[in-house]
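Let's take a walk through this model together. Keep the sequence and the 3D view open side by side, and we'll go from a local detail out to the places where chains meet.

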4 protein chains.
Amino acid sequence: MSIESHTHYPDQLKSGDTLLQAQKELYERASTSNIENFAGTVRIPVGLAGPVDVHGEHARGTFFIPMATTEGTLVASTSRGMKVINESGGVRTKVVSNGGVQRAPVFEFESLDDAQAFCTAMNGDWSWLRSAVEASTSHGKLTDISAWQLGRVVCVRITMDPGDASGQNMVSVAAQNGTGEILKKFPTIRRHRMGGGLSGEKVSSSVNTLLGRGRSVVASVTIPGAVMKRITRTDIAEIPRHQQHYSNFSMWGGHPAANNSIANTLTAMYIAAGQDVATTCESRIANNVLDYDSEKDVLHWDVHVPTLTVGTVGGGTGLPTQKECLEIMGCHGPGKVNRFAELCAVAALANEISFWGAMCSHEWIDAHASLKSR
Amino acid sequence: MSIESHTHYPDQLKSGDTLLQAQKELYERASTSNIENFAGTVRIPVGLAGPVDVHGEHARGTFFIPMATTEGTLVASTSRGMKVINESGGVRTKVVSNGGVQRAPVFEFESLDDAQAFCTAMNGDWSWLRSAVEASTSHGKLTDISAWQLGRVVCVRITMDPGDASGQNMVSVAAQNGTGEILKKFPTIRRHRMGGGLSGEKVSSSVNTLLGRGRSVVASVTIPGAVMKRITRTDIAEIPRHQQHYSNFSMWGGHPAANNSIANTLTAMYIAAGQDVATTCESRIANNVLDYDSEKDVLHWDVHVPTLTVGTVGGGTGLPTQKECLEIMGCHGPGKVNRFAELCAVAALANEISFWGAMCSHEWIDAHASLKSR
Amino acid sequence: MSIESHTHYPDQLKSGDTLLQAQKELYERASTSNIENFAGTVRIPVGLAGPVDVHGEHARGTFFIPMATTEGTLVASTSRGMKVINESGGVRTKVVSNGGVQRAPVFEFESLDDAQAFCTAMNGDWSWLRSAVEASTSHGKLTDISAWQLGRVVCVRITMDPGDASGQNMVSVAAQNGTGEILKKFPTIRRHRMGGGLSGEKVSSSVNTLLGRGRSVVASVTIPGAVMKRITRTDIAEIPRHQQHYSNFSMWGGHPAANNSIANTLTAMYIAAGQDVATTCESRIANNVLDYDSEKDVLHWDVHVPTLTVGTVGGGTGLPTQKECLEIMGCHGPGKVNRFAELCAVAALANEISFWGAMCSHEWIDAHASLKSR
Amino acid sequence: MSIESHTHYPDQLKSGDTLLQAQKELYERASTSNIENFAGTVRIPVGLAGPVDVHGEHARGTFFIPMATTEGTLVASTSRGMKVINESGGVRTKVVSNGGVQRAPVFEFESLDDAQAFCTAMNGDWSWLRSAVEASTSHGKLTDISAWQLGRVVCVRITMDPGDASGQNMVSVAAQNGTGEILKKFPTIRRHRMGGGLSGEKVSSSVNTLLGRGRSVVASVTIPGAVMKRITRTDIAEIPRHQQHYSNFSMWGGHPAANNSIANTLTAMYIAAGQDVATTCESRIANNVLDYDSEKDVLHWDVHVPTLTVGTVGGGTGLPTQKECLEIMGCHGPGKVNRFAELCAVAALANEISFWGAMCSHEWIDAHASLKSR
């Protein structure tokens with residue numbers, strides 16, 4: 001699987017022996033740290049969306065994006081959005097901040113006073129915890145501690161910068177070590193548990209948008225009306241109308257963000273790239289920011305993904321095919337995580353463009369139907 | 001990959017030729033309806049959680065659950081929860097209702113009166129739409145239409161029973177056909193789009209819990225304190241305490257449901273079983289209902305998953321390895337969707353038991369750490 | 001207090017004896033049904049916002065709106081918005097549906113099967129409950145029963161049309177009578193309580209927007225840019241920009257609706273008009289729907305209030321000053337509740353116009369500051 | 001109206017001349033800063049809930065709580081809860097933190113880079129803003145600035161400690177002054193508006209629970225089962241069951257907090273005490289934390305109100321009857337705001353106890369019905 005070979009079926013080039021060898025390597029590697037009761041592998045088809053021209057801070061050049069999915073039209077739709085992007089001069093991207101990774105243990109006390117004293121202390125100077133928290137990791141850095149009191153209970157949210165990893169396991173070990181120190185320093189603690197509800201892990205929660213988690217990343221494009229019309233047969237002025245009504249009804253339903261399709265985009269990229277796929281639940285929050293100039297008939301479109309959990313080392317990123325997918329994007333290994341984050345935002349933007357275009361031109365269903373038998 | 005072989009590595013038994021043949025079959029099948037720009041496959045390790053004893057309405061017997069993941073400890077943790085279940089006499093399961101699958105087009109009008117007339121009509125007798133909506137599907141049945149007015153805009157939520165498929169594509173085609181009839185009948189419609197924000201697809205939304213989507217399914221077990229103690233080293237009385245504080249802080253953060261780990265469980269099962277993995281975002285909502293008898297030291301534990309989107313036909317369920325995973329559970333093909341739904345709830349319950357146990361016994365991190373190097 | 005006297009201080013015209021007599025009447029009336037441990041009265045200043053020209057279904061003519069508040073600038077701001085409305089040709093209003101009033105008892109069972117049987121039955125034909133539910137009220141009509149199962153627990157949402165009253169007490173008595181019948185018919189019920197969490201009373205909840213509560217009412221105006229500019233010094237094209245960004249950040253915070261000021265408007269109207277003021281928490285949900293025509297420089301603006309709990313009989317509506325406030329609007333007594341609902345939406349729209357205008361013209365703070373010393 | 005006279009009707013003691021004089025004083029005062037187009041006053045009946053024994057940090061002694069309401073049974077129900085509190089040894093209270101008061105202007109930029117540079121700067125050292133922000137107030141202190149980027153837009157949340165006032169107007173003037181300095185320092189700002197959606201004012205939002213707003217205050221009591229039984233006829237073991245099911249269903253509906261009745265309690269106290277009543281929408285969030293000891297049959301019950309907006313100076317607190325209500329609680333004027341906050345939590349706890357008791361004993365409706373005719 002490589003960027004050159006996206007027009008034909010690359011695995012046909014491989015012999016059965018190569019495949020068997022790959023399976024053996026996968027077994028060795030995965031059974032060490034990725035799986036228990038290993039029974040084999042499931043094979044997910046990968047399509048390459050693209051090409052897309054990216055003028056980012058960390059991602060620069062023309063990219064193909066591997067998407068692993070069994071949902072027909074997803075790759076084609078994303079590619080169509082990328083065509084809109086390319087004919088609009090490409091996409092700008094930027095990681096605007098790093099929200100880190102969190103663990104949020106909870107502590108119970110006998111009295112309101114003890115709980116308050118603890119909560120106040122944890123919201124104060126926490127530098128004494130640094131050495132314990134950082135002892136078990138060569139990469140992770142303690143960046144914040146925040147605490148909330150609720151009756152006689154205090155939840156403590158520990159934030160670390162995980163570097164190039166997504167860092168869930170790193171922060172877990174670190175938080176447990178930190179908790180050990182906390183228990184020594186505060187003998188008034190009556191009970192504690194390692195999860196208190198405010199880590200924001202794998203949930204769709206304001207905890208993350210407000211306090212940070214993962215990368216906050218934007219992808220922007222300025223689309224001429226004629227380009228949108230030619231490729232998606234959509235009047236570009238429909239897009240802001242769609243957004244307004246979609247947002248209003250979404251708020252009635254209690255949705256946390258009114259994007260349309262980023263759950264699909266991220267899930268496919270995460271499976272391909274060896275991410276912790278369940279983090280899609282936290283990463284899928286994203287907002288569209290539209291600025292339509294009716295005189296010039298030009299739409300500036302930002303997709304902002306505020307809490308994107310990604311890693312280019314650790315987890316599943318080292319497995320053979322997943323590593324290959326990351327390499328197709330130039331995103332495997334240390335120093336590549338921001339590039340990968342920017343490409344996630346690019347694909348999200350591309351798919352939103354195509355999906356909204358299809359919704360507004362009434363072609364969405366036809367596009368699906370032509371590819372689907374059931 | 002088979003239930004017999006879960007204790008050793010089954011693919012070693014297969015020759016390179018077998019693997020190559022499997023790849024070719026996958027290519028034929030997937031490139032027809034599952035993927036575009038097919039570039040190869042990504043291989044995800046599968047572990048078998050289990051065995052678990054199930055006394056359900058649709059799932060009866062001893063099962064192993066295939067979970068495809070690169071996150072170490074997930075399979076082991078789920079298996080540990082299943083051990084608690086088995087030693088407590090097994091798990092009861094039940095699909096309590098079928099919420100169907102939805103599409104929610106939106107319609108704009110010139111006046112409030114026209115919008116109201118349309119909205120009222122759509123909330124009234126919609127049987128005239130049945131033939132158009134059901135024309136394109138041999139399985140799907142129109143079961144409900146609901147509509148909401150917001151100014152001069154009306155969102156219409158069309159619900160179909162998708163039978164054994166998850167049904168997103170089926171309902172899309174059907175809704176478009178229905179929309180064609182709607183446009184003919186209501187000439188006052190000024191604009192329309194196929195997505196209005198209230199379908200509930202791939203979002204965490206009260207639309208689904210209140211109006212239904214997918215299967216509403218429960219798994220129940222009654223755990224003696226001694227069993228919980230022996231297997232997880234947890235005082236079972238800690239579990240309701242954990243739930244209360246976790247729920248309270250979750251509400252502060254705006255989480256829609258205070259379960260701990262079902263996002264992990266479902267993602268792994270969905271990847272293995274050829275589901276539309278992005279539907280985890282809607283399916284992951286689940287609640288724990290606890291009833292602790294302190295005299296007998298026994299905890300009755302229900303996990304209720306109210307909006308579980310699953311299918312045993314269509315989508316990725318026919319791909320070779322995915323089909324094999326479904327077959328391990330006896331869940332491939334028509335008439336098996338409720339069984340699969342019950343097994344999803346079983347795995348969710350098992351993982352919650354193990355995860356909460358680990359949190360309350362302070363062993364969660366150690367369990368992870370022992371398996372993790374980074 | 002009367003519509004004629006709004007330019008001077010009417011109570012100066014009353015003698016001390018009149019005031020004493022009024023206090024006595026209030027005491028007689030209030031101590032019977034509105035208050036216990038009666039200790040006197042608190043006096044809230046009332047200002048009249050207006051005049052405003054209304055072309056509604058139930059409210060037609062020129063109105064002044066009594067607002068009881070201690071927050072300076074609220075009445076002036078609402079009046080300013082009404083000036084924009086008047087110079088734009090007045091406001092159209094419409095009650096688009098009646099969501100009724102709810103009570104949601106909860107029932108526990110020994111088994112999942114019993115719970116499911118009960119839940120299914122309650123979602124089926126509930127006409128057998130009508131006579132018991134309607135026995136205690138001459139006005140209230142049973143209009144819907146919906147039920148949800150969560151493990152072995154079922155919450156039943158009983159909806160009644162309360163007619164001209166807000167109906168919270170009516171539905172409480174009716175629901176208790178209905179529950180009595182339910183208990184007789186379903187001996188499998190193990191425990192029950194009269195509140196299960198899905199009534200939607202006095203909370204900001206998707207239960208109400210999706211399933212209905214109170215009146216769903218719209219107020220619409222089409223504002224020329226020149227009018228907005230002259231009165232509020234705001235470029236009208238700023239308004240949709242404000243909405244988009246306000247909505248996006250509101251979703252980050254988990255707000256259920258991105259209106260700006262309706263909580264202020266309704267609170268003041270509800271205090272003046274003898275409403276159950278705590279219902280502001282459910283009634284304050286409202287959405288702005290904007291349609292800007294840049295060629296004509298004209299903005300169509302809808303404020304849609306989907307769950308407005310109001311009454312013109314019962315509760316505090318019969319107390320002397322509250323009755324007077326309702327009479328100023330022609331809204332006291334039977335047959336007036338839809339008119340009052342429409343006027344609530346009018347005031348909400350007027351205040352949004354003025355408030356958003358002030359925010360976008362940067363005059364909001366100055367307007368406040370000129371009236372405020374602290 | 002005074003604490004001595006709560007058993008009879010105190011205003012009967014006043015002559016008509018006294019009442020007329022009071023009206024004149026109110027007019028003078030209110031028309032200066034509380035109202036425009038002053039048309040008279042609306043009179044709300046006040047009942048005194050209590051007595052209640054409070055062992056707080058700021059509130060110590062036996063108190064009566066003035067509640068202004070037209071909803072029968074509210075005062076009686078709160079008094080009943082206070083009886084449970086008194087017979088359980090009284091209530092402990094504590095203000096655990098001061099979240100301040102906020103204004104959240106929004107700024108637009110031409111480029112992602114400019115927006116990021118601004119956002120980073122505002123999240124860094126903001127001490128240069130202190131003099132401008134604090135210039136217009138003798139009491140308010142700048143305590144925090146936080147900023148969030150969303151595409152090319154940045155929302156800045158400015159927090160001040162308002163001292164004894166609720167402070168909404170103070171922070172508005174201060175934020176405008178601060179914004180003036182911001183505009184000077186950052187010429188890249190293209191547009192700005194004074195409201196960006198993250199102030200948390202008068203909305204039910206995670207912004208407030210997570211980032212703070214108003215006082216975070218707790219009231220605690222330890223109730224013997226026998227006391228609960230005698231006064232409310234409720235088995236105290238029912239209370240935690242009620243909480244669990246109420247919380248689960250509340251999460252399905254998207255409620256932000258699963259308390260039952262605090263919206264009622266606060267609205268009545270706020271009207272009586274001259275508060276900005278619309279702030280109930282932000283203040284009503286509250287959680288119950290329960291700790292039931294089945295061996296001793298004793299329930300420890302905390303009500304935690306995390307974002308309570310209160311003031312004892314400014315706004316409506318200086319109006320004659322409102323001032324009198326504050327004085328009944330010893331809460332008028334500087335240095336009393338924490339005491340008032342604690343008493344709000346006391347009344348909230350008392351009403352929750354009585355309300356939950358009524359729900360669990362099935363007497364809630366009867367209690368209402370006996371006082372209600374409609």
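Start in chain C, where Tyr292(C) has Leu299(C) in β11(C) as its bridge partner. That pair belongs to a ladder of seven bridges between strand β10 (residues 287–293) and strand β11 (residues 298–308) of chain C, and the two strands run antiparallel. (Strands count as paired if DSSP finds at least two bridges between them; helices, H or I with at least four residues, and strands, E with at least two, are DSSP runs numbered from the N terminus.) Together β10(C) and β11(C) make a hairpin with four residues between them, and in the turn Asp297(C) shows a positive phi of about 50°.

Some housekeeping before we move on: this is a predicted model, in which local features need pLDDT of at least 70 and side-chain atom pairs count only at pLDDT 80 or more, while totals for chains, interfaces and linings use all residues. Residues are numbered from 1 along each chain as its sequence is written, chains are lettered from A and ligands numbered from 1 in the order in which they are written, and side-chain values use heavy atoms, with hydrogens and water left out.

Back to the backbone. Most residues other than glycine have a negative phi, and most peptide bonds are trans. Thr73(C) is not a glycine, yet its phi is positive, at about 85°; look for Thr73(C) in the loop between β2 (60–68) and α2 (74–87) of chain C. As for peptide bonds, the one joining Gly50(B) and Pro51(B) is cis, with omega about 0°, and Pro51(B) sits in strand β1 of chain B. Chain D has a cis bond from Gly50(D) to Pro51(D), omega near 0°, with Pro51(D) in strand β1 (residues 38–56) of that chain.

Now for how the copies are arranged. Two copies of a chain are related by a rotation about an axis and a shift along it. Chain B can be laid on chain A by a turn of 180° and a shift of 0.0 Å along the axis, giving an RMSD of 0.0 Å (a least-squares fit on the C-alpha atoms of residues with pLDDT of at least 70 in both copies). That is the relation of a two-fold axis. How do A and B touch each other, then? Of the interface residues of chain B, 100% are also interface residues in chain A, so the copies meet through the same surface. The contact (heavy atoms within 4.5 Å) takes 117 residues from chain B and 118 residues from chain A. About 10600 Å² is buried between them, with carbon and sulfur atoms giving 60% of that; buried area here is the accessible area (1.4 Å probe) that two parts lose on being put together, summed over both.

Strand β1 (residues 38–56) of chain A is joined to β1(B) by nine bridges, and these strands run antiparallel. One place to look is Thr41(A), whose bridge partner in β1(B) is Pro45(B).

Side chains of opposite charge can pair when their charged atoms come close. Four salt bridges cross between chain B and chain A, a salt bridge being a side-chain nitrogen of Lys or Arg within 4 Å of a carboxyl oxygen of Asp or Glu. Among them, Glu238(B) meets Arg191(A) at 3.3 Å, N to O. Strand β1 of chain B gives the most to the side of chain B that touches chain A, with 11 residues.

Turn next to chains A and D. Here too a turn of 180° and a shift of 0.0 Å along the axis lay chain A on chain D, with an RMSD of 0.0 Å. In this contact, 29 residues of chain A face 29 residues of chain D, and about 2400 Å² is buried, 56% of it on carbon and sulfur atoms. On the chain A side, Leu112(A), Arg152(A) and Leu210(A) lose the most area to chain D, together 24% of what that side buries.

There are 10 salt bridges between chain A and chain D, including Asp291(A) with Arg190(D), whose closest N and O atoms are 3.4 Å apart. The biggest contributor to the side of chain A that touches chain D is α6(A), with five residues.

Over all chains, the structure holds 80 salt bridges. One of them links Arg152(C) to Asp291(B), with the closest N and O atoms 3.3 Å apart. That pair crosses between chains, from the loop between β6 (141–150) and β7 (153–161) of chain C to strand β10 (residues 287–293) of chain B.
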